[in-house]
Amino acid sequence: MTIFNPSILWDRNPEPQLFSVNTGALFNTSPAGPCLLMTNPGTLDPERTTNENPAHQTVELTSVPPGGALVVVGAISLPFGLRSRFLVPSAPQAFYAPQPPRSAEAAPARGWRSESWMRIMGAGVISIKAFFLPGIVEEAFWRAALLPHPGVDGVFIYQDPATPWICLAGLVGFVGMHVVNGVLVGRWDPRIKKTFLDPRFLILAAVLGVGCTGAYIGTGGCLWSAVLVHWIPVAVWLSVLGGERRLRGREGEESLLDGEEE
């Protein structure tokens, strides 16, 4: 079993090709259907069977759809985060702070320049950024590159005793990456250090990592399933549960979110 396998992203076809993108690994275009909606990741394609991957018979796989992983992540994270006051419902940060009226009689801005629309636009921008980073960038490494893929390693990875240990090592690295980022980036921004080294944040990151791993393995190695499970909770946290205020709010605002005195 290969631990770091870049052939997840580039096909290892015996015919001479230059970086042929393995769309079956990224989009999971199996006969069972699209990976984001699938209820069964299907079977190995006999035409893609090689000597290195000698699975000649049809094998049924068990699936964990990304929607199920999202429900599990939310059912664990929301009660814990709200009770510990790490997750605090709050209005989204405005995309652009409208200028206050010059006098008390002046009418506030309306239409797309109003504060409400600015907050909606702010939540949209945050969500788009979260889709690419951390969504795609982190999942392409911590799941697609590191974890075994049934299309490359064969369905026997589900019975291989090393697979759980590889998943555990990836989870430890995923959580540890946030600690390292908090220490390094925290030299310039103490708000990021305080957030990324918060035990409550690390527990939530571990829960999210387990959910992303389950979605990736359960859908037969679909990268976009893991991206979806990663992206939605992060976007919700940043937009309406105080995440953006913790990371980029005014100094001392994170203490107010925790209910502490400034």
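**Chat about an all-helix chain**

Me: How much of this chain is buried?
Reply: Buried residues make up 44% of the 262 residues in the chain, where buried means under 20% relative accessible area, exposed over 50%, and partly exposed in between (1.4 Å probe, protein chains only). This is a predicted model, where local features need pLDDT of at least 70, side-chain atom pairs count only at pLDDT 80 or more, and totals for chains, interfaces and linings use all residues. Residues are numbered from 1 along each chain as its sequence is written, and side-chain values use heavy atoms, with hydrogens and water left out.

Me: How many helices and strands are there?
Reply: The chain has ten helices and zero strands, taken as DSSP runs numbered from the N terminus (helices: H or I, at least four residues; strands: E, at least two).

Me: Ok, α5 and α7. At what angle do they cross?
Reply: Roughly 140 degrees, with the axes of α5 (residues 162–185) and α7 (residues 199–218) coming within 9 Å. Axes are lines fitted to C-alpha atoms, for helices over the stretch in contact, and angles run from 0 to 180 degrees between N-to-C directions.

Me: Which residues make the contact?
Reply: On α5, Cys167, Leu171, Phe174, Val175, His178 and Val179; on α7, Phe201, Leu202, Ala205, Ala206, Gly209, Val210 and Thr213. Contact means heavy atoms within 4.5 Å.

Me: Switching to α8: what end-to-end distance does that helix have?
Reply: The end C-alpha atoms of α8 (residues 223–240) are 26 Å apart, which agrees with the 26 Å its 18 residues should span at 1.5 Å a residue. The expected span is 1.5 Å times one less than the number of residues.

Me: Which α8 residues are buried?
Reply: Among them are Leu223, Val227, His230, Trp237 and Ser239.

Me: And what happens just after α8?
Reply: Gly242 takes a positive phi of about 85 degrees there.

Me: Where's Ala91?
Reply: Ala91 is in the loop between α2 (66–83) and α3 (115–145), and is partly exposed, with a relative accessible area of 37%.

Me: What does Ala91 touch beyond its sequence neighbours?
Reply: Leaving aside neighbours within four places in sequence, Ala91 contacts Arg119, Ser239 and Arg245. Ser239 is also one of the buried residues of α8.

Me: Last one, Asp189: buried or exposed?
Reply: Asp189 is buried, with a relative accessible area of 15%. Asp189 lies in the loop between α5 and α6 (190–196).

Me: What does its side chain pair with?
Reply: The Asp189 side chain makes a polar contact with the side chain of Arg191 at 3.0 Å. A polar contact is a pair of N or O atoms within 3.5 Å; within protein, one must be able to donate a hydrogen and the other to accept it, and residues adjacent in sequence count only if both atoms are side-chain atoms.
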